[in-house]
Amino acid sequence: MEKVSVIIPVYRVEHYLKRCVESVLKQTYHDFEIILVDDGSPDRCGEICDEYAKHDPRIKVIHKVNGGLSDARNVAIEWTLANSDSEWITFLDSDDWLHPKFLEKMLEANKKLGTDVSVCVFHDSDGSDVDYSIDEQPAYLITPLERYKKLGWLTNYACGKLYRKSCFETERFPKGKTYEDQYVTYKILFAQEKYAVYNEGYYAYFYNPEGITKVTWSVSRLDMLDAYWAQFEFFSNNGYKELLSQSLSHYIYYCINNLRHIRKKKDPALKPHENNLKKRLREARKIAFKRRISLLPLFRRLTKTLLGKGK
């Protein structure tokens, strides 16, 4: 059997942590270890982590000074590479949970299809359906290009995937950034010739109204722009011409959307960010014109937004 390291960063999730950990302990595949990273949580999370470790030797707890989600994941990755004999890594956010067959099916897909990464879709939940059912459709192979053309940045969530540990020999999440997944996951996926995909929600994503991506607009959301621009440059430098229009359009749309939020706030302190967004838009427009990159996906999305059908 091949051990899996389940990495769970923990911060201010006292009310959800047990549900998360229990979902791993109930897995039909048992050869795993859980790495709980208490990221300086001010509530009882650290105590809860220690209590679990007392009763199950598969659970390891790392207590650290608060450094954010990326730092917590990186600490766990480093620990796993240095101390564990596991062959696989998966990430689980501490307010989410797993279907009982997540590890079994994800590992099965990688072994049967000969891949180093397997992916499932998310089961979106308000928390009322912890024990949910699935159809158990078979996994299939797909190229990173095909998947990204279909879903774009939605392919880049770190969670809901099982990675061969060697995928993280050199890759780390950027410390201090919001939307840290967008800086890293696409590079791992595009390093694969193909990877395995389930159209089944083996990963339950909790729509937590207090979660980091659900709060009202803040300057931290601008972190996404650097990630999207890095993706555009990656596709440009690596010959993925089919993705330039899609990725540049999405970058421009996100600039416009953030510019709208800033102007709505009417806060003079945000003027430098407004000017930076205008500069980004001018530069992106020049690149699109110079390289003859179609912005049709941008106009489609803006149209949907104006009609009330977009987010």
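# A walk through the fold

Start by selecting Glu-14, which is partly exposed, with a relative accessible area of 28% (buried is under 20%, exposed over 50%, partly exposed in between; 1.4 Å probe, protein chains only). You're looking at a predicted model, where local features need pLDDT of at least 70, side-chain atom pairs need 80 or more, and totals for chains, interfaces and linings use all residues. Residues count from 1 along each chain as its sequence is written, and side-chain values use heavy atoms, leaving out hydrogens and water.

**Stop 1: charged partners**

Now add Arg-44, whose side chain meets that of Glu-14 in a salt bridge at 3.9 Å, N to O (a side-chain nitrogen of Lys or Arg within 4 Å of a carboxyl oxygen of Asp or Glu). Glu-14 is in the loop between β1 (4-10) and α1 (17-25), while Arg-44 is in the loop between β2 (32-39) and α2 (45-55), so this pair ties together parts 30 residues apart in sequence. (Helices, H or I of at least four residues, and strands, E of at least two, are DSSP runs numbered from the N terminus.) Arg-44 counts as partly exposed too, at 40% relative accessibility.

Next, pick Arg-172 and Glu-78: they form a salt bridge, with their closest N and O atoms 3.0 Å apart. Arg-172 lies in the loop between β8 (161-164) and α6, and Glu-78 in helix α3 (residues 69-83), so parts 94 residues apart in sequence get tied together.

How many salt bridges does the structure hold? There are 25. For a linked set, select Lys-101, Lys-105, Glu-108, Lys-112 and Glu-136, which make up a network of salt bridges. Inside it, zoom in on Lys-105 and Glu-136, with closest N and O atoms 3.8 Å apart. Is Lys-105 buried or exposed? Lys-105 counts as buried, at 10% relative accessibility, whereas Glu-136 is partly exposed at 36%.

**Stop 2: rings**

Time for the aromatics: the structure holds 25 aromatic pairs (rings of Phe, Tyr and Trp, using its six-membered ring, with centres within 6.5 Å; planes under 30 degrees apart are stacked, over 60 edge-to-face, the rest tilted). Show Trp-97 and Phe-206, whose ring centres are 6.4 Å apart with planes at 45°, so the pair is tilted. Trp-97 sits in strand β5 (residues 97-98) and Phe-206 in strand β9 (residues 195-206), 109 residues apart. Both count as buried: Trp-97 at 0% relative accessibility and Phe-206 at 7%.

Then jump to Tyr-148 and Phe-235, with centres 4.8 Å apart and planes at 70°, so they're edge-to-face. Tyr-148 is in helix α5 (residues 144-151) and Phe-235 in helix α7 (residues 223-237), so the pair ties together parts 87 residues apart in sequence. Add Tyr-186, Phe-190, Phe-234 and Tyr-240, and you'll see the cluster that ring pairs build with Tyr-148 and Phe-235.

While you're at α5, colour its buried residues: Pro-144, Arg-147 and Tyr-148. Just after α5, Gly-152 takes a positive phi of about 60°.

**Stop 3: a glycine in β9**

Last one: select Gly-201, found in strand β9. Gly-201 counts as buried, at 11% relative accessibility. Which residues does Gly-201 touch, not counting those up to four places away in sequence? Light up Val-121, Phe-122, His-123, Tyr-132 and Ile-134 (contact means heavy atoms within 4.5 Å). Finally, draw a line to Leu-98: 103 residues from Gly-201 in sequence, but 9.1 Å in space, C-alpha to C-alpha.
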